[in-house]
Amino acid sequence: MRSEIVSGKGRLLGVDFGDRRTGIAVCDNTRFIASARETIVNNGLNDCVRQVVEIAKAENVSGIVIGLPVNMDGSYGERAEKCRYFGSLVESESGICVDFCDERMTTIEASRYLGESGTFGKKRKKVIDALSAQIILQNYIDKLKYQS
């Protein structure tokens with residue numbers, strides 16, 4: 001975990017970066033609970049970076065947490081490198097500290113929640129990425145609590 005985020009205060013932005021859609025979540029100022037905010041449609045990498053930076057500035061966040069797709073064996077693949085590159089672009093464009101959080105199983109967890117709530121079809125597609133971002137961010141802030 002990046003010390004700038006761990007020792008800082010204020011809201012955090014959670015991001016589930018995808019090639020087509022990117023989920024966005026935010027937490028409260030006390031960093032207690034994350035909430036899904038929206039899913040943005042990507043029109044290329046630069047457009048996605050621009051949208052995430054705009055949201056981060058509008059939400060006045062002090063840090064950004066991006067889900068990192070780690071393989072089940074703990075290794076990093078091509079997708080993880082793409083997420084790291086995306087994170088470096090977001091940090092350089094926004095001036096806001098970016099950190100990463102293992103996102104293994106978050107989409108499966110989000111799918112299970114949506115299935116249990118009876119959310120299927122087009123509605124599910126609209127919210128699953130934002131819910132995944134919420135899970136990523138909640139996992140991160142829960143870890144922050146134990147590091148303090």
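This section describes the overall architecture of a predicted protein model and the side-chain interactions found within it.

The protein comprises 148 residues, of which 46% count as buried. Its secondary structure consists of five helices and five strands, and from the N terminus on these elements follow the order α-β-β-β-α-β-α-β-α-α. When contacts between residues at least 6 apart in sequence are considered, 64% of them join residues at least 24 apart. The accessible surface amounts to about 7,900 Å², and carbon and sulfur atoms account for 51% of this area.

Charged side chains were examined next. Side chains of opposite charge can pair when their charged atoms come close. In the present model, 12 salt bridges are found. One of these salt bridges joins Glu59 to Arg11, with the closest N and O atoms 2.9 Å apart. Glu59 is located in the loop between helix H2 (45–58) and strand S4 (63–68), whereas Arg11 belongs to the loop between helix H1 (3–6) and strand S1 (12–16); the pair therefore ties together parts that are 48 residues apart in sequence. Glu59 has a relative accessible area of 15% and is buried, while Arg11, at 22%, is partly exposed. Both residues also belong to a network of salt bridges in which Arg11, Arg37, Glu38 and Glu59 are linked.

Asp19 takes part in salt bridges with two residues of helix H3, Arg79 and Lys82. In the salt bridge between Arg79 and Asp19, the closest N and O atoms are 2.9 Å apart. Because Arg79 lies in helix H3 (residues 78–94) and Asp19 in the loop between S1 and strand S2 (21–27), this pair ties together parts that are 60 residues apart in sequence. For the salt bridge between Lys82 and Asp19, the corresponding distance is 2.7 Å. Here too a helix H3 residue is paired with the loop between S1 and S2, so that parts 63 residues apart in sequence are tied together. The three residues are partly exposed: the relative accessible area is 49% for Asp19, 27% for Arg79 and 36% for Lys82.

The loop between S1 and S2 and helix H3 are also linked through aromatic side chains. A pair of aromatic rings is described by the distance of the centres and the angle of the planes. A search of the whole structure yields one aromatic pair, formed by Phe17 and Phe86, whose rings are stacked with a centre-to-centre distance of 4.1 Å and 10 degrees between the planes. Phe17 is situated in the loop between S1 and S2 and Phe86 in helix H3, 69 residues apart, and the pair thus links distant parts of the chain. Both rings belong to buried residues, with relative accessible areas of 6% for Phe17 and 0% for Phe86.

Aromatic rings are further involved in the surroundings of Arg84. The charged end of Arg84 sits over the ring of Tyr76, at 4.9 Å from the ring centre. The ring of Phe100 likewise has the charged end of Arg84 over it, at 5.8 Å from its centre.

A polar contact is found in helix H2, where Asp47 is placed. The side chain of Asp47 makes this contact with the side chain of Gln51, at a distance of 2.8 Å. Asp47 counts as buried because its relative accessibility is 16%, below the 20% limit for buried residues. Beyond its neighbours within four places in sequence, Asp47 is in contact with Val41 and Asn42.

Definitions and conventions
Residues numbered from 1 in each chain as written. Predicted model: local features only at pLDDT ≥ 70, side-chain atom pairs only at ≥ 80, totals over all residues. Heavy atoms only, no water. Salt bridge = Lys/Arg side-chain N within 4 Å of Asp/Glu carboxyl O. Helix = DSSP H or I, 4+ residues; strand = E, 2+ residues; numbered from the N terminus. Buried < 20%, exposed > 50% of the residue type's maximum accessible area, 1.4 Å probe, protein only. Contact = heavy atoms within 4.5 Å. Areas by Shrake-Rupley, 256 points an atom, 1.4 Å probe, with all protein chains shown as cover. Polar contact = N/O pair within 3.5 Å; in protein donor to acceptor, adjacent residues only side chain to side chain. Phe/Tyr/Trp six-rings, centres within 6.5 Å; stacked < 30°, edge-to-face > 60°. Lys NZ or Arg CZ within 6 Å of the ring centre and 35° of its normal.
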